[in-house]
Amino acid sequence: MSVEFDVVIDSPDGLSVDMQTGLQTLQGVSDAVRSISQAILDEGSVPERLTHASNVRTSLMETFEGSYGQVFSLELFNEELNRELQVIGKPVFAELISYFLNDALYQTKDVVSPKAQEVLKRLNDKSEAISQQLRKSILVKIHKVPSIFGYEVKIRHRLGNHRKILGEFTQETAKVLVAKESRDRVNLRVSITRLNINTGNGRFLIEGATEIVAFGFGSGYKFIAAPAKKKISENLSYNNTVASEAWRVLEIAATKIERRDGKILKYIIKEVHGD
């Protein structure tokens with residue numbers, strides 16, 4: 001069983017892409033799809049090294065006209081992995097790949113299908129390990145073309161005549177690669193607006209701010225103390241039933257994951273005050 005994808009480099013007409021740079025981006029795309037796929041389909045740990053002997057491989061297929069692009073497929077050389085993919089289904093599998101590509105860039109998108117939620121629930125804290133592995137070097141490779149030439153790179157799922165964008169990589173997303181978590185904690189009053197208990201990712205509004213921001217938990221949601229979980233759950237439940245003007249606040253201590261230019265990508269909750 002195979003799953004078809006393509007990678008597109010949106011370069012202006014007549015402008016070329018250095019072959020070495022382009023190949024590094026293609027290698028990064030291949031590594032990303034293989035790493036995520038193996039982690040989802042195999043009950044083992046997140047792979048740190050990918051070899052030609054792996055049961056999860058990518059194969060080059062035909063190219064296509066237009067911007068620089070390459071069609072490729074994910075090939076599974078193991079019956080158990082093939083059965084697992086069949087159970088999940090190709091559309092949901094592609095949805096999960098998109099989730100991890102975006103999560104690794106701190107651009108967490110909602111996973112809407114129940115089947116995808118089931119897989120994330122099974123992965124539990126392994127989800128964060130997948131995103132961390134992507135940030136180590138794989139995303140650096142994918143961003144070679146955006147960083148050097150400024151061209152956007154897209155990874156798409158191909159299913160029949162349908163093309164769905166799974167991830168987009170630009171000079172702006174490349175800035176995430178040098179983001180770091182601060183050592184200092186900040187005390188905040190926040191209103192929880194969204195939480196996925198399977199991944200530990202959520203959204204909250206800081207008191208006095210206008211923009212809802214992402215948050216997570218450094219040790220994984222399942223390791224959070226029960227009293228803290230209760231406070232978070234109660235705050236979320238209440239805020240989902242009233243207008244934003246009436247949202248309740250929760251006092252927390254958190255660290256910030258921010259880029260070099262100071263833009264905060266995500267808050268990591270360390271403590272819920274009063275729990």
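A salt bridge is a side-chain nitrogen of Lys or Arg within 4 Å of a carboxyl oxygen of Asp or Glu. Keep that in mind as you look around this structure, which is a predicted model. Side chains of opposite charge can pair when their charged atoms come close. In this model there are 14 salt bridges, and a few of them make a good way in.

Start with Asp6. Its partner is Arg156, and the closest N and O atoms of the two are 2.8 Å apart. Asp6 belongs to strand E1 (residues 2-10) while Arg156 belongs to strand E4 (residues 152-159), so this salt bridge ties together parts that are 150 residues apart in sequence. Is Asp6 buried or exposed? With a relative accessible area of 0%, it counts as buried, because buried means under 20%. The pair has company, too: Glu4, Asp6, Arg156 and Arg158 are linked in a network of salt bridges.

Now slide along to Asp10, which forms a salt bridge with Lys154, with 3.4 Å between the closest N and O atoms. Here again strands E1 and E4 are involved, with Asp10 in E1 and Lys154 in E4, so the pair ties together parts that are 144 residues apart in sequence. Asp10 is partly exposed, at 27% relative accessibility.

E1 has another partner to show you. It pairs with strand E3 (residues 68-76) in the antiparallel sense, over 8 bridges. If you go back to Asp6, you'll find Val71 of E3 standing opposite. E3 also pairs with strand E2 (residues 56-60), again in the antiparallel sense, this time over 5 bridges. In that pairing, Arg57 stands opposite Glu75 in E3.

For another salt bridge, head to Lys270 and Glu181, where the closest N and O atoms are 3.2 Å apart. Lys270 sits in strand E11 (residues 264-272) and Glu181 in strand E6 (residues 180-181), so this pair ties together parts that are 89 residues apart in sequence. How accessible are the two ends? Lys270 is partly exposed, with a relative accessible area of 36%, and Glu181 is partly exposed as well, at 39%.

Last, take a look at a helix. Thr21 is found in helix H1 (residues 19-41), and its relative accessible area of 6% makes it buried. What is Thr21 in contact with, leaving aside its neighbours within four places in sequence? The answer is Lys144, Val145, Ile148 and Phe149.

Definitions and conventions. Residues numbered from 1 in each chain as written. Predicted model: local features only at pLDDT ≥ 70, side-chain atom pairs only at ≥ 80, totals over all residues. Heavy atoms only, no water. Helix = DSSP H or I, 4+ residues; strand = E, 2+ residues; numbered from the N terminus. Buried < 20%, exposed > 50% of the residue type's maximum accessible area, 1.4 Å probe, protein only. Contact = heavy atoms within 4.5 Å. Pairing = 2+ DSSP bridges.
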